Amino acid sequence: MNDIKLAEEKFGVLDRVPVGMCVLREDFVVLFWNSCLEDWTKIPRSEILGTNIIGHFPHLNQPKYSSRLKPIFEGGPPTIFSSQLHKYIIPAEIGEGQLRIQQTTVTAVPTVSGVGFYALLGIQDVTDLTSRLQDYRKMRDQALEEIQERQRVEEALRESQHFIQQIADTAPNLMYIYDLSEQRNVYVNRQIGELLGYTLEEILEMAAGVLPSLMHPDDFAHLRKHQEKFAAARDGEIIECDYRIKHKGGEWRWLHSRELVFSRTAEGVPKQILGTAQDITDRKRTEEALRWQTERERLMGVITQHIRQSLNLREILHTTVTEVREFLQTDRVSVLRFNPDWSGVVTVESVVADVTPMLGASIYDPYFEETYIEPSKHDRILVVEDIYSAGLCPNHINLLEECGVRSKLVVPIIQGEKTIHNGQSKRHHPQLWGLLIAHHCSRERQWQQLEIDLLKQLATQLAIAIQQAELYQQLEAANQELQRIATLDSLTGIANRRRFDEYLDVEWRRLVREQMPLSLILCDIDCFKAYNDTYGHQAGDECLRQVARAINRGAKRPADLVARYGGEEFALVLPYTDAPGAIRVAIKILVRVRALQIAHGASLVSDYVTVSLGVASTVPRQDSSPTRLIAAADEALYQAKAAGRNRVQVYAAPDWQLHKPAPPNAIAMGYQ
């Protein structure tokens, strides 16, 4: 029960997270079970805490789960149980015997005692997302099947060698004869009106200007290459091409043409081509929607997985803006975070090379709140296809012009709700964290609904990531503070005995492997009991603090540890330090404490506070232990006191191995 209580204190902050959170001990005993899991599974925490989770979910006893979880309890990297392969990690019924589909991320977190690891399970409900993905794939497969069937039919038709059959193949819709040398239509059937809205007379009057006038600029070069193929075309050979033509009403229509050589010059050079054109706009839109949806699924998968695997918020935001900009093929995607005064700071962005970066820019103008904040508070998306026709105020247009923006899409990042009390009533308002912004700078842009939905969905995922990262940062800060409190002496501010024991053990084992020297200095304030009796305990505490600071200044290297060993006794652990080096440090401490000139009228050796120090050095061996080094330093300290205190004494014994033996007289004598 003590583990459960400690786990509740450590992980209780996760009780408010809108996803399932569970903590397992290495023996699969449940130590934490948050409110979200209680709601999903209908298992109250009072029933499951302290019990083996396999008793509630027997399928977790399968080898495929235990083999994935075992490395977690050893501190291994996070693992994800895919919702497609593992649907019953934490089953939760949703009616008529159906189960939610879960995707679970399992992360190793240090145990409360600091020895070993727990398994932290973050369980995300992906039931609705999985269902939508299945529907999208079904629609895509049906469309692909229709396209493949049409291609098979067209291939069979092309195999016909009769000219009449070839004409029939190309004549179901628009039919035309185009003169290659004159670059104009010499015949067009009347279906041109149904297809593009023009009359026969209008098309024929355009003459050689028909293609430059009606062809989409991006397709013109492609059509020229298509016409060049007729120079090597055989009689009866059908050449196909897709391109866009502007309808009389202004809409771009996709046409699929099938053409063959209709007549040649006396030299055999193709002069006229006979063709038919079929309106494939709907098919192209379907193909584009499927391609877009497939790419959207990939993008959402990449970003969602990154969000679930990482707790580094900046890394998550950077991945999101980079992937979204490439996907939308736009000029800039950024995340703007609000300050308390509602000014905004661009915290991360992805921008093309020829657009001025805005990273780190602080943005605010008198119309900022009206334009961005108020709509965002109500979870409204701001869609601006052209800043000059969107009804924006002149000052705001000037601001956007300075940033090179012509078109923009702004989606709020909402992080939960905050309650506003108004007299006897209270209202819940979305809490606005920031904005996810897409900028198009080169020209105006018509944002598609699919693009808007994508950014809205990503903003929701980012809100979850932000909350997870902030909760994790709070947990980390709390753990660091607890670790600091647990390893520091509250009076002197230096390391305590617990930290000393841990550090000496770690350094001993490391230097056993490296076969490098390790030194230990034990330091005791001379006649400290008499000091306390004479000046009182408050003065004694201040004396301890001053001496601790003096000792701490004597240890210069980052690897050196100064600790309060107990009472008025201090210890210094000096890795990679031999006996002569340790003696120099000890003498420096001896001098620094004397220089404090703390009056000590009851001392037997001086009018001021002094210390005695014992030094021991060795190269750690597998067959020895830190206890022996402590005993040696303690013996040297005893010898220093016996020799009159206020001195440094180095331990020496026949069987003691020093890293670099000092002269015999240097080891035998004390240093004053």
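**Rings, a sheet and a helix**

Phe11, Phe32 and Tyr118 come together as one aromatic cluster. Keep in mind as you look that this is a predicted model. With that said, the cluster is a handy place to start the tour.

Aromatic pairs turn up seven times in the structure. Take Phe11 with Phe32: their ring centres are 6.5 Å apart and the planes meet at 50°, which makes the pair tilted. This pair ties together distant parts of the chain, since Phe11 belongs to helix H1 (residues 2-11) and Phe32 to strand S2 (residues 30-33), 21 residues apart. Are these two rings buried or exposed? Phe11 has 1% relative accessibility, so it counts as buried. Phe32 is at 0%, so it is buried as well.

Now jump along the chain to Phe528 and Tyr531. Here the ring centres lie 6.1 Å apart with the planes at 10°, so this pair is stacked. Both residues sit in helix H17 (residues 528-535), and because they are three residues apart, about one helical turn separates them. Phe528 is buried, with a relative accessible area of 7%, and Tyr531, at 6% relative accessibility, counts as buried too.

Back to S2, the strand that carries Phe32. What sheet does S2 belong to? It is part of an open sheet of five strands, running in the order S2-S1-S5-S4-S3 with antiparallel pairing. S2 and strand S3 (79-81) are the edge strands: each has a single partner strand, so one side of each is left without a neighbour in the sheet. Going from one strand to the next, the twist averages 20°.

Over at the S3 edge, S3 and strand S4 (residues 102-110) pair in the antiparallel sense over three bridges. If you want a spot to zoom in on, try Thr79, which stands opposite Val106 in S4. Helix H1 packs on this sheet, where it touches strand S1 (20-24), S2, S4 and strand S5 (117-125). The direction of H1 makes about 35° with that of S2. So the tilted pair of Phe11 and Phe32 can be viewed again here, because Phe11 is in H1 and Phe32 is in S2.

Two more rings are worth a look, this time for the charges over them. The charged end of Lys284 sits over the ring of Trp254, at 4.5 Å from its centre. With Arg497 the charged end sits over the ring of Tyr565, 3.9 Å from its centre.

Note on methods
Residues numbered from 1 in each chain as written. Predicted model: local features only at pLDDT ≥ 70, side-chain atom pairs only at ≥ 80, totals over all residues. Heavy atoms only, no water. Phe/Tyr/Trp six-rings, centres within 6.5 Å; stacked < 30°, edge-to-face > 60°. Helix = DSSP H or I, 4+ residues; strand = E, 2+ residues; numbered from the N terminus. Buried < 20%, exposed > 50% of the residue type's maximum accessible area, 1.4 Å probe, protein only. Lys NZ or Arg CZ within 6 Å of the ring centre and 35° of its normal. Pairing = 2+ DSSP bridges. Axes fitted to C-alpha atoms, helices over the stretch in contact; angles between N-to-C directions. Contact = heavy atoms within 4.5 Å.
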